[in-house]
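Colleague: I am new to this one. Can you show me how to read a few of its features?

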Amino acid sequence: MNETGLINNPVILGNADLAHETVKTWDIIWLIHMQQTYFSLGGFINRYQHPISTKVVRNNIRSFANVENSKAQGIELEASQQLNDNWL
């Protein structure tokens, strides 16, 4: 509602003509869990269709708008080692 119907705000306005933002996500995660050690390696790709952001429409007044399609991708690595009952 904020992105489409915001009114009476001196710095940002809603936009009733916005298309729905969608995100398609692919994840692959590899896990190893041993008695006191844990490893996780993951990769992801996010594809954004009709992402919603803000644009300046006049002076310092912004409005919500659909912007260019985009994608984000990356990897993450996590490792944990339990040293004793009190330390992880």
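Modeller: Start with Trp30. This is a predicted model, and in it Trp30 counts as exposed, at 53% relative accessibility.

Colleague: Why does Trp30 count as exposed?

Modeller: Exposed means over 50% relative accessible area. Trp30 has 53% relative accessibility, so it counts as exposed. Trp30 is found in strand E2, residues 22–33.

Colleague: Which residues make a nonpolar surface patch with Trp30?

Modeller: Leu41 and Leu77 do. Together with Trp30 they make a patch of about 370 Å².

Colleague: Is Ser40 buried or exposed?

Modeller: Buried means under 20% relative accessible area. Ser40 has 11%, so it is buried. Ser40 sits in strand E3, residues 37–49.

Colleague: Which residues does Ser40 touch, leaving out those up to four places away in sequence?

Modeller: Ser40 touches Ile29, Trp30 and Leu31. Glu76, Leu77 and Glu78 are also touched by Ser40.

Colleague: Now the backbone. Which sign does the phi of His50 have, positive or negative?

Modeller: Positive, at about 55°, although His50 is not a glycine. His50 lies in the loop between E3 and strand E4, which spans 52–58. His50 is partly exposed, with a relative accessible area of 41%.

Colleague: What is the phi of Asn59?

Modeller: Phi of Asn59 is near 45°. That is a positive value in a residue other than glycine.

Colleague: Where does Asn59 lie, and is it buried or exposed?

Modeller: Asn59 lies in the loop between E4 and strand E5, residues 61–66. Its relative accessible area is 71%, so Asn59 is exposed.

Key:
Residues are numbered from 1 along each chain as its sequence is written. This is a predicted model: local features need pLDDT of at least 70, side-chain atom pairs count only at pLDDT 80 or more; totals for chains, interfaces and linings use all residues. Side-chain values use heavy atoms; hydrogens and water are left out. Helices (H or I, at least four residues) and strands (E, at least two) are DSSP runs, numbered from the N terminus. Buried means under 20% relative accessible area, exposed over 50%, partly exposed in between (1.4 Å probe, protein chains only). Contact means heavy atoms within 4.5 Å. Patches are made of residues with over 30% relative accessible area and no salt bridge: like charges are joined within 9 Å, nonpolar side chains (Val, Leu, Ile, Met, Phe, Trp, Tyr) within 5 Å. Accessible areas come from the Shrake-Rupley method with a 1.4 Å probe; for residues, only the protein chains shown count as cover. A salt bridge is a side-chain nitrogen of Lys or Arg within 4 Å of a carboxyl oxygen of Asp or Glu.
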